[in-house]
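Welcome! Let's take a friendly walk through a structure, moving from whole chains down to single residues. Keep the picture open beside you as you read.

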Amino acid sequence: MEDSREMSRRSFLAITGWVGFSVASAIALYQSLKFVYPNATYEDPPAFKADAPTTYAVGSTTVLIDKRVVINHDPNGFYAISLICTHLGCTPRYFDDVTSDLVNAGTSISRDPDTGLEATRANPALPGFKCPCHGSRYFRDAINFFGPAPRPMDRVHVEVAPDGKLLIDRSVIVDRAFRLKV
Amino acid sequence: MTVIRAALDEMFAVIGQMVGSVFRHGLPLTDKIAARTALTNFFLHIHPVRVRRSWIRMSYTLCLGGLSFFLFIVLTVTGLFLMFYYVPSTHTAYENMRDLQFVVTFGGVIRNMHRWAAHAMVITVWLHMARVFLTGAYKKPREFNWGVGTLLLLITLLLSFTGYLLPWDQLSIWAVTVGTNMAKYAPIAGPYTRYLLIGGRVVGDNALLRFYVLHVVGLPLAAFLLMVVHFWRVRKDGFSGGL
């Protein structure tokens, strides 16, 4: 009489075989996923140099479209905007007037919490950005006020490089209060 | 002369043997021969040996599944032709597409056949699913084939999406930027999924190559295998009432 607690040779080999097959398959799946997940991408590096700070007049907005970055020079300093729509990643475009059509249509536009600027019937035109994909709109300082964008566009780090030019690092996101004084 | 005649006889015998090996049962003059031919021929065996007249009655939806399959064949053939002129690189893709439109003889015809058949296939596959749903043709014993069908719908949409990037114009690039950013919203796996899909952080060379490979090999192969299962199951489960 065979002990029911004992495993037969056949089922032992079958279980060993299936375990081996499963482990090998799992390793193959892991390898396949790791293989198609690139270690290096050769994309444009996140940090790049713009021109010298004196190139950008106070109050100016400069769009570096190939880098998808905006350099704003305000009286209290420089800051850079990552020109990537926070909705689904398209590139918003700069316009001198992104508000008057909405104001004239009767849409109320919130005041810009940072600058305090407000588009009114008396003074409807404010500069800013419009996204061509789904119509999100931002004030000149990247704060969203219309459309599906859920939050302001990111601000990224700016510093002065040793050679005196502005160095912008798109991989470093900074606080909205960040300003570079030159 | 007898030597030549013997050689000719020998040759005809060999040819006859070869032809006989391909066409084994002669003309299907009786039901019995027709059935035997259908059973032993690879291409014919896909068809049922007997088909009731009511099974192939064309109904008001004009055999939407069959139309989808026909469009898939059109897409495979025209796609193969397009591949002779198209190089999936950001430096060449757009120019290749323009060349196909304006330089290659009948290039515009082939490209537009591919483009319109693709749009049409998305529509016919959707309508096919709607028809199956509305007529209750997904019910027992066809639940499994409904599942296979949903996968085929998914693959059709993925083929449409991957093909959309290949002309490499502004519309393609931003549509895929938007589409893959949607994948990014998924919890935890989202950002990894996007990185894996486009092979980087922005829609560039890697994304174009990945989408091309999926579009011309990966997805059509998966679609083909699932179609084999889908059609076989349709045959085994029977037609629910006309085409």
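## A tour of the two chains

Let's start with chain A, which has 2 helices and 10 strands. Keep in mind that this is a predicted model. Going along the sequence of chain A, you meet the elements in the pattern α-β-β-β-β-β-α-β-β-β-β-β. Chain A is more spread out than a compact globule, because its radius of gyration is 28 Å, well over the 16 Å that the globule rule gives for 182 residues.

Now turn to chain B, where you will find 9 helices and 0 strands. From the N terminus on, its pattern reads α-α-α-α-α-α-α-α-α. For chain B the radius of gyration is 24 Å, while a compact globule of 243 residues would have a value near 18 Å.

Here are some values for each chain:

| Property | Chain A | Chain B |
|---|---|---|
| C-alpha extent along the principal axes | chain A: about 100 × 50 × 25 Å | chain B: roughly 75 × 55 × 35 Å |
| Buried residues | chain A: 24% of 182 residues | chain B: 25% of 243 residues |
| Contacts at least 6 apart in sequence that join residues at least 24 apart | chain A: 52% | chain B: 65% |

## The sheet in chain A

How are the 6 strands of the open sheet in chain A ordered? They follow the order β1-β10-β9-β4-β3-β2, and the pairing is antiparallel. Two of these strands, β1 (47–49) and β2 (61–64) of chain A, stand at the edges; each has a single partner strand, so one side of each is left without a neighbour in the sheet. From one strand to the next, the twist averages 25°.

Let's look at one of those edges in detail. Strand β2(A) runs antiparallel to β3 (residues 69–74) of chain A, and 4 bridges join the two. To find one bridge, look for Leu64(A), whose partner in β3(A) is Val69(A).

## A helix in chain B

Next, find helix α8 (residues 190–198) of chain B. Its buried residues are Arg194(B), Leu197(B) and Ile198(B). Seen down the axis of α8(B), these buried residues fall within an arc of 75°, so they line one face of the helix. The elements that cover them include α7 (170–184) and α9 (205–237) of chain B. Just after α8(B) comes Gly199(B), which takes a positive phi of about 60°.

How do helices α7(B) and α8(B) meet? When two helices pack, we describe them by the angle between their axes and the distance between the axes. Here the axes of α7(B) and α8(B) come within 7 Å and cross at roughly 145°. On the α7(B) side, the contact is made by Thr180(B), Asn181(B), Ala183(B) and Lys184(B). On the α8(B) side, the residues are Gly190(B), Pro191(B), Thr193(B), Arg194(B), Leu197(B) and Ile198(B). Sorted by class, this contact of α7(B) with α8(B) has 4 nonpolar, 4 polar and 2 charged residues. You may recognise Arg194(B), Leu197(B) and Ile198(B) as the buried residues of α8(B).

## Where the chains touch

Finally, how many residues of chain A are in contact with chain B? There are 9, and they touch 12 residues of chain B. The side of chain A that touches chain B has 6 nonpolar, 2 polar and 1 charged residues.

Notes: Residues numbered from 1 in each chain as written. Chains lettered and ligands numbered in written order. Predicted model: local features only at pLDDT ≥ 70, side-chain atom pairs only at ≥ 80, totals over all residues. Rg over C-alpha atoms; globule rule 2.2 N^0.38 Å. Buried ≥ 20, exposed ≤ 12 C-beta atoms within 10 Å, placed from the backbone. Contact = placed C-beta atoms within 7 Å. Nonpolar A, V, L, I, M, F, W, Y, C, P; charged D, E, K, R; others polar. Arc of directions from axis to C-beta. Pairing = 2+ DSSP bridges. Axes fitted to C-alpha atoms, helices over the stretch in contact; angles between N-to-C directions.
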